[in-house]
Amino acid sequence: MIPFDFEYYRPDTPEEAVMLYDDLYKEGKNPLYYGGGTEIISFSRLYQLYPGAVIDIKGIPECNVLEQKNGYLVIGAALTLSQIQESNIFPLLIHCGGRVADHTIRDKITLGGNICAKIPYREAVLALLTCDADIMIQGTDGKKRVNIHEVFNQFLRINKGEFLLQVIINEKIARLPFASYKTTADGAVAYPQDKIGYPVVSGAGINKDGKLRVAVSGVCNYPVRLAEVDNALNDTGIPRFERINNAVEFFPIISDMEGSADYRTFVLKNILFDMMERLEYY
Amino acid sequence: MFSLQKKEFMDLNINGEKKSVVIRSADTLLDVLRNQLGLTGAKPSCKNGDCGACTVLIDGWPVKSCLMLAVEAVGHEITSIEGLKETAMQKTFIDCFAFQCGYCTSGFIMNCHGLSRIHPGADYGIIREWLQSNLCRCTGYEEITDAIKSVLDQNAALEQ
């Protein structure tokens with residue numbers, strides 16, 4: 001039970017949503033945009049979040065699109081990870097998003113919700129970082145399309161009142177061969193939950209024009225793709241093991257109850273090595 | 001624009017019937033099903049989306065009702081275990097001994113019923129993936145897997 005009240009709104013247009021946010025904010029109601037709502041419900045139940053109002057974006061048609069248009073895939077922020085999985089439209093996103101939580105929760109978690117969540121792992125972001133996705137943001141001044149690298153640094157840095165409307169990916173990049181991994185603290189639980197759990201390391205990579213692009217989460221407290229890491233991995237003048245050793249130096253690797261920094265480093269190196277094998281990148 | 005300020009009467013489409021209930025905007029669907037409608041088949045357990053005991057179908061998709069606001073369900077078809085009468089999945093759970101204490105069973109049946117409708121040709125990998133959503137700590141998952149396979153086989157035979 002959520003032990004306090006909030007107002008619930010389901011606007012029909014993006015413009016209505018941002019205007020409503022503005023009004024509610026001015027009234028001091030601490031509004032939140034609401035997608036699947038799994039995190040808002042969980043945190044509210046635990047008194048860790050106190051929204052005075054939630055604005056459910058699932059009623060906005062632009063947030064529910066799933067289409068191929070002019071060489072790009074357009075995916076609405078309110079689509080659930082399961083809907084994206086069933087569509088088979090973007091294999092790398094399906095792999096990365098398909099290991100978030102469990103299947104029934106993915107029937108509720110939306111793409112936008114996963115990108116904007118507080119949880120560190122946010123694995124759907126890995127696919128977007130590796131593929132240089134654009135995102136469409138709605139604000140009071142209208143829509144703007146920006147590259148994810150301009151606005152995602154540890155978390156999505158958009159202005160107060162703005163919200164994520166869509167994700168746009170170049171179709172050619174979305175179809176490239178990929179490698180995708182999630183390593184959990186296996187053995188702690190039995191079948192079929194042995195693959196459920198927070199990742200020790202989660203990684204995604206593609207080989208674009210002979211260059212490896214890698215994004216990881218679990219390693220640090222946010223999903224990340226670093227130019228220094230890509231450069232180190234693509235420094236083909238030195239042996240592969242050395243490149244991997246150089247690359248992992250750039251990550252601020254964490255220690256927590258899922259795994260120590262040493263263990264995470266070990267797993268990450270193995271994943272990068274395997275990724276190179278699978279993507280035939282030597 | 002649809003909205004709910006604190007507490008109002010709302011219509012829910014539950015198990016094929018329209019029910020008018022008083023919903024507080026912050027009420028979870030689980031609480032409304034149990035406390036307002038007396039539909040106690042959806043079980044409260046972790047209330048955190050971990051165990052799956054509260055699973056219901058929303059437009060045919062299994063969803064954990066503890067992680068859904070009741071107001072979100074307005075305009076959608078909700079199916080709880082009480083809405084599954086004489087279904088093959090329920091009978092097959094009995095035939096396959098796919099439960100023990102039974103507390104998690106309604107959640108499992110909802111999830112498995114959803115699976116049989118959405119993926120009638122599900123292979124072992126899909127069954128395994130879907131079963132990750134529900135926890136049972138007193139019997140094994142093999143019997144539950146057998147029950148799903150049995151229903152899928154029955155449905156396939158009926159189609160031929």
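The expected span of a helix is 1.5 Å times one less than its number of residues. The exercises below apply this and related ideas to a predicted model.

**Exercise 1. Compare the expected span of helix α5 of chain B with the distance between its end C-alpha atoms, and determine how its buried residues are arranged.**

Solution.
1. Helix α5 of chain B comprises residues 141-159, which is 19 residues.
2. At 1.5 Å a residue, α5(B) should therefore span 27 Å.
3. The end C-alpha atoms of α5(B) lie 27 Å apart, in agreement with the expectation.
4. The buried residues of α5(B) are Tyr141(B), Ile144(B), Thr145(B), Ala147(B), Ile148(B), Val151(B) and Leu152(B).
5. Viewed down the helix axis, the buried residues of α5(B) fall within an arc of 155°, so they line one face of the helix.
6. An α-helix has 3.6 residues a turn, so residues three or four places apart point the same way.
7. The cover over the buried residues of α5(B) includes α2 (88-95), α3 (105-118) and α4 (124-131) of chain B.

**Exercise 2. Classify His119(B) as buried or exposed, and identify its contacts.**

Solution.
1. His119(B) is located in the loop between α3 and α4 of chain B.
2. Its relative accessibility is 18%, and the cut-off for buried is under 20%.
3. His119(B) therefore counts as buried.
4. Apart from neighbours within four places in sequence, His119(B) is in contact with Ile126(B), Trp130(B), Leu152(B) and, in chain A, Glu86(A).
5. The side chains of His119(B) and Glu86(A) are joined by a polar contact of 2.9 Å.

**Exercise 3. Describe the interface of chain B and chain A by its contacts, area and polar pairs.**

Solution.
1. In this interface, 39 residues of chain A are in contact with 42 residues of chain B.
2. The buried area between the two chains is about 3,500 Å², and carbon and sulfur atoms give 53% of it.
3. On the chain B side, Met1(B), Leu67(B) and Gln132(B) lose the most area to chain A, together 20% of what that side buries.
4. There are 22 residue pairs in polar contact across the interface, and 5 salt bridges are found there.
5. In one salt bridge, the side chains of Glu72(B) and Lys108(A) meet at 3.0 Å, N to O.
6. β1 (2-5), β5 (61-64), α4 and α5 of chain B each supply at least two residues of the side that touches chain A.
7. Helix α4(B) gives the most to that side, with 5 residues.

Conventions
Residues numbered from 1 in each chain as written. Chains lettered and ligands numbered in written order. Predicted model: local features only at pLDDT ≥ 70, side-chain atom pairs only at ≥ 80, totals over all residues. Heavy atoms only, no water. Helix = DSSP H or I, 4+ residues; strand = E, 2+ residues; numbered from the N terminus. Buried < 20%, exposed > 50% of the residue type's maximum accessible area, 1.4 Å probe, protein only. Arc of directions from axis to C-beta. Contact = heavy atoms within 4.5 Å. Buried area = accessible area lost by both parts, 1.4 Å probe. Salt bridge = Lys/Arg side-chain N within 4 Å of Asp/Glu carboxyl O. Polar contact = N/O pair within 3.5 Å; in protein donor to acceptor, adjacent residues only side chain to side chain.
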